[in-house]
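Please open the structure in your viewer and keep the sequence panel beside it. The tour below suggests what to select at each stop and says what is there.

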Amino acid sequence: MDIPERDRRAYVAPLLSTLLTLPAAAVTLFFAGLSPMACDSCADAASDRFDASFGPAWTVFTSGLVLVLLLLVACWALPRNHGYRGRRLALALAAPGAVVLNVLVFAAMVDWP
């Protein structure tokens with residue numbers, strides 16, 4: 001039975017991804033949470049349009065953050081063997097990319113005043 005060789009630097013990509021992704025996700029959550037104040041002084045029609053679009057956009061945004069968290073967990077959970085280096089790197093790069101995509105989708109879904 002052939003035992004796969006351990007990758008001694010397997011933690012680098014997940015660690016860098018985590019250090020980049022979690023603060024970025026926290027900042028986007030903060031600003032997305034503050035975004036309803038963008039329409040505090042809106043007229044009734046604009047406020048209604050904003051409120052109607054914000055609810056579904058918020059649901060998509062929070063679901064996207066759960067996806068980001070799942071990508072990070074999967075990145076850390078892969079076996080520490082050389083054979084998984086490419087998958088680990090792909091997941092590590094996908095996590096911060098998913099944060100950016102999540103913000104873009106949220107901004108596109110909301111009917112800003």
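The stops that follow go from the whole chain to single side chains.

Before selecting anything, note that this is a predicted model, in which local features need pLDDT of at least 70 and side-chain atom pairs count only at pLDDT 80 or more, while totals for chains, interfaces and linings use all residues. Residues are numbered from 1 along each chain as its sequence is written, and side-chain values use heavy atoms, with hydrogens and water left out.

**The whole chain**

Show the protein chain as a cartoon, and you will find 3 helices and 0 strands, which follow the pattern α-α-α along the sequence. Helices (H or I, at least four residues) and strands (E, at least two) are DSSP runs, numbered from the N terminus. Turn the model until its long direction lies across the screen: along its principal axes the C-alpha trace spans about 70 × 20 × 15 Å. The radius of gyration of the protein chain is 19 Å, whereas a compact globule of 113 residues would have one near 13 Å; this radius is taken over C-alpha atoms, and the globule rule is 2.2 Å times the number of residues to the power 0.38.

Next, switch on the surface, where the protein chain exposes about 7200 Å², with carbon and sulfur atoms supplying 70% of it; accessible areas come from the Shrake-Rupley method with a 1.4 Å probe, and for residues only the protein chains shown count as cover. Buried residues make up 31% of the 113 residues, where buried means under 20% relative accessible area, exposed means over 50%, and partly exposed is in between.

**Asp7 and its partners**

Which residues does Asp7 join in a network of salt bridges? Select Asp7 with Arg85, and you will see their side chains meet in a salt bridge at 3.2 Å, N to O; the term stands for a side-chain nitrogen of Lys or Arg within 4 Å of a carboxyl oxygen of Asp or Glu. This pair links distant parts of the chain, since Asp7 is in the segment before α1 (12–34) and Arg85 is in helix α3 (residues 85–109), 78 residues apart. Asp7 is buried, with a relative accessible area of 8%, whereas Arg85 is partly exposed at 38%.

Now add Arg88, which forms a salt bridge with Asp7, the closest N and O atoms being 3.9 Å apart. Arg88 is in helix α3, 81 residues from Asp7, and both of these residues are buried. Salt bridges that share partners thus join Asp7, Arg85 and Arg88 into one network.

Stay here and select Asn81, in the loop between α2 and α3, which is buried at 15% relative accessibility. Not counting residues up to four places away in sequence, Asn81 touches Pro4, Glu5, Arg6, Asp7 and Arg88, where a contact means heavy atoms within 4.5 Å.

**Asp111 and Arg49**

Move on to Asp111, which forms a salt bridge with Arg49, the closest N and O atoms being 3.3 Å apart. Asp111 is in the segment after α3 and Arg49 is in helix α2 (residues 44–77), 62 residues apart. Asp111 is partly exposed at 33% relative accessibility, and Arg49 is partly exposed at 47%.

**The disulfide**

Finally, select Cys39 and Cys42, which are joined by a disulfide with an S to S distance of 2.3 Å, the term being used for a pair of cysteine sulfur atoms within 2.5 Å. The structure holds 1 disulfide. The torsion about the S-S bond of Cys39 and Cys42 is about -130 degrees, so this disulfide is left-handed. Cys39 is buried, with a relative accessible area of 6%.

Terms used:
Buried means under 20% relative accessible area, exposed over 50%, partly exposed in between (1.4 Å probe, protein chains only).
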